[in-house]
Amino acid sequence: MAHRVFEHARNGRTRELCGYLDLGIPVNSTDSEGNSLVMLAAYHGHPRTVVALLDRGADPDRVNARGQTPLAGAVFKGERDVVAALVAADADPYLGTPNALDSARFFSREDLLDLLEVSLEEHEE
């Protein structure tokens, strides 16, 4: 059953995932690599699933075993709607390795830096 829950998050099957959560599966469950459900949904570009998880209390800043956050993963993948959802949930752009700001700078994603409420120049080293 756990495998199915993580697959639902990874594939953006919001209704099915929420069914399991409503039956008692913890919203901050993690897989063997420390990826939370919100991390999997964020990294794979499923904003509706991310919002549903956040609405049910998912931690937007939960770091996986590699030190990555859902926000940094969404920035890396260029998932603007997911980034916006995580920012709205107060995800920390300074958390993780690399953090969301470093990822946005590295890929020159001014549009995502705007969502993170910083400018490229403001955070260049």
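This report walks through the overall build of one chain, then its aromatic rings, then two of its helices.

**The chain as a whole**

First things first: what you are looking at is a predicted model. The chain has eight helices and zero strands, so to speak an all-α pattern of α-α-α-α-α-α-α-α when you read along the sequence. How compact is it? The radius of gyration is 14 Å, close to the 14 Å that the globule rule gives for 125 residues, so the chain is as compact as a globular protein of that length. If you drew a box around the C-alpha atoms along the principal axes, it would come to roughly 45 × 25 × 20 Å.

Inside that box, 46% of the 125 residues count as buried. Take the contacts between residues at least 6 apart in sequence, and 61% of them turn out to join residues at least 24 apart. On the outside, the accessible surface is about 6,500 Å², with 48% of it belonging to carbon and sulfur atoms. As for charge, the chain carries 12 positive and 21 negative charges, and the mean positions of the two sets are 11 Å apart.

**The aromatic rings**

Next, the rings. Searching the whole structure turns up three aromatic pairs. One of them is made by tyrosine 43 and phenylalanine 76, and it is stacked, with 6.4 Å from centre to centre and 5° between the planes. This pair ties together distant parts of the chain: tyrosine 43 sits in helix α3 (residues 37-43) and phenylalanine 76 in helix α5 (residues 70-77), 33 residues apart. Phenylalanine 106 and phenylalanine 107 make another pair, and here the centres are 4.9 Å apart with the planes at 90°, so the pair is edge-to-face. Ring pairs join Tyr43, Phe76, Phe106 and Phe107 into a cluster.

Are these rings buried or exposed? Here is how each one comes out:

| Residue | Relative accessible area | Class |
|---|---|---|
| Tyrosine 43 | 30% | partly exposed |
| Phenylalanine 76 | 44% | partly exposed |
| Phenylalanine 106 | 66% | exposed |
| Phenylalanine 107 | 38% | partly exposed |

Phenylalanine 106 lands in the exposed class because its 66% relative accessibility is over the 50% cut-off.

**Helix α4**

Now for a helix with some well-covered residues. Helix α4 covers residues 47-55, and its buried residues are Thr49, Val50, Ala52, Leu53 and Leu54. What do the buried residues of α4 pack against? Their partners are α1 (2-11), α2 (14-22), α3 and α6 (80-88). A bit of background helps when you look at any such helix: an α-helix has 3.6 residues a turn, so residues three or four places apart point the same way. After α4 comes glycine 57, with a positive phi near 100°.

**Helix α5**

Helix α5 is the one that holds phenylalanine 76. Six of its eight residues are buried, so α5 is largely enclosed by the rest of the structure. Which residues of α5 are buried? They are Pro70, Leu71, Ala72, Gly73, Ala74 and Val75. The cover over them includes α3, α6, α7 (100-106) and α8 (110-115). Phenylalanine 76, by contrast, is partly exposed at 44%. Glycine 78 follows α5, and its phi is positive too, near 75°.

Notes
Residues are numbered from 1 along each chain as its sequence is written. This is a predicted model: local features need pLDDT of at least 70, side-chain atom pairs count only at pLDDT 80 or more; totals for chains, interfaces and linings use all residues. Side-chain values use heavy atoms; hydrogens and water are left out. Helices (H or I, at least four residues) and strands (E, at least two) are DSSP runs, numbered from the N terminus. The radius of gyration is taken over C-alpha atoms; the globule rule is 2.2 Å times the number of residues to the power 0.38. Buried means under 20% relative accessible area, exposed over 50%, partly exposed in between (1.4 Å probe, protein chains only). Contact means heavy atoms within 4.5 Å. Accessible areas come from the Shrake-Rupley method with a 1.4 Å probe; for residues, only the protein chains shown count as cover. Lys and Arg count as positive and Asp and Glu as negative; His and the chain ends are not counted. The place of a charge is taken as NZ of Lys, CZ of Arg, CG of Asp or CD of Glu. Rings of Phe, Tyr and Trp (its six-membered ring) pair if their centres lie within 6.5 Å; planes under 30 degrees apart count as stacked, over 60 as edge-to-face and the rest as tilted.
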